[in-house]
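Trainee: Please walk me through this model. I would like to start with its surface and then go inside.

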Amino acid sequence: MERYWIFLGLIFCLSGCRITTHSVPNIEGSRIVQTENGQNYYLFQTKLQRPIAKSWFKNYLDLNREDDLVRSEIILFPELDKEFLVTIRIKDDREVYTDIPVAEKILDSLLGNDDDENTYEESEFNKKDRDDNTGPIKFFVNISISDNEGIDHISTSSLYSSRVRDFLQQLENDFFEYQKNYKALP
């Protein structure tokens, strides 16, 4: 009898559990990430939403309004007189959870409820329940720097790697200074 109560207790404990089906870890600081095709990009996390971050990067890099942040031709080091192709992507992601409905299924079968009999309209209440299975949105900044020949200048094999990495570190510091002083953050 004692095992029965323990088993029943475990079932009800599992009913309140959530399993993370898509995890999005926080990134402390920045890192250089290599893609499957060998290209490197500089990655860091931000609290600013995409339009605000895009606007800041366009102002920082002195781009025109019609210029995009994808493959923008920029002279990073005026003394070199070399154009670099800078691509900045602000991506968002959120964690997704799945509930374990064990106790709900047991109670429904004990009470004789059938899921097929219950048809729910898409109401605000149901939308809220569906949205509860996701975490907050996290924003990430991916920056890649190459040239017209396709050379990845974040890679250590590039002649400009050290200077490009210093530039990216300074860009990140300036961005976080702006973010720190931005008023609309929670």
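Mentor: Accessible areas come from the Shrake-Rupley method with a 1.4 Å probe; for residues, only the protein chains shown count as cover. This is a predicted model: local features need pLDDT of at least 70, side-chain atom pairs count only at pLDDT 80 or more, and totals for chains, interfaces and linings use all residues. Residues are numbered from 1 along each chain as its sequence is written, and side-chain values use heavy atoms, with hydrogens and water left out.

Trainee: What share of the exposed area do carbon and sulfur atoms supply?

Mentor: The chain exposes about 12900 Å². The part from carbon and sulfur atoms is 50%.

Trainee: Is Q45 buried or exposed?

Mentor: Buried means under 20% relative accessible area, exposed over 50%, partly exposed in between (1.4 Å probe, protein chains only). Q45 has 15% relative accessibility, so the residue counts as buried.

Trainee: Which element gives the most to the largest nonpolar core?

Mentor: A nonpolar core is a set of buried Ala, Val, Leu, Ile, Met, Phe, Trp, Tyr and Cys residues joined through side-chain atoms within 4.5 Å. The largest one has 26 residues; F57, I88, I143 and I145 touch the most other members. Elements giving two or more residues include β3 (40-46) and α2 (50-60). Helices (H or I, at least four residues) and strands (E, at least two) are DSSP runs, numbered from the N terminus; with five residues, the top contributor is α5.

Trainee: Which residues is F57 in contact with, leaving aside neighbours within four places in sequence?

Mentor: Contact means heavy atoms within 4.5 Å. By that test the partners of F57 are F44, L69, I88, I90, V141, I143, L171 and F175.
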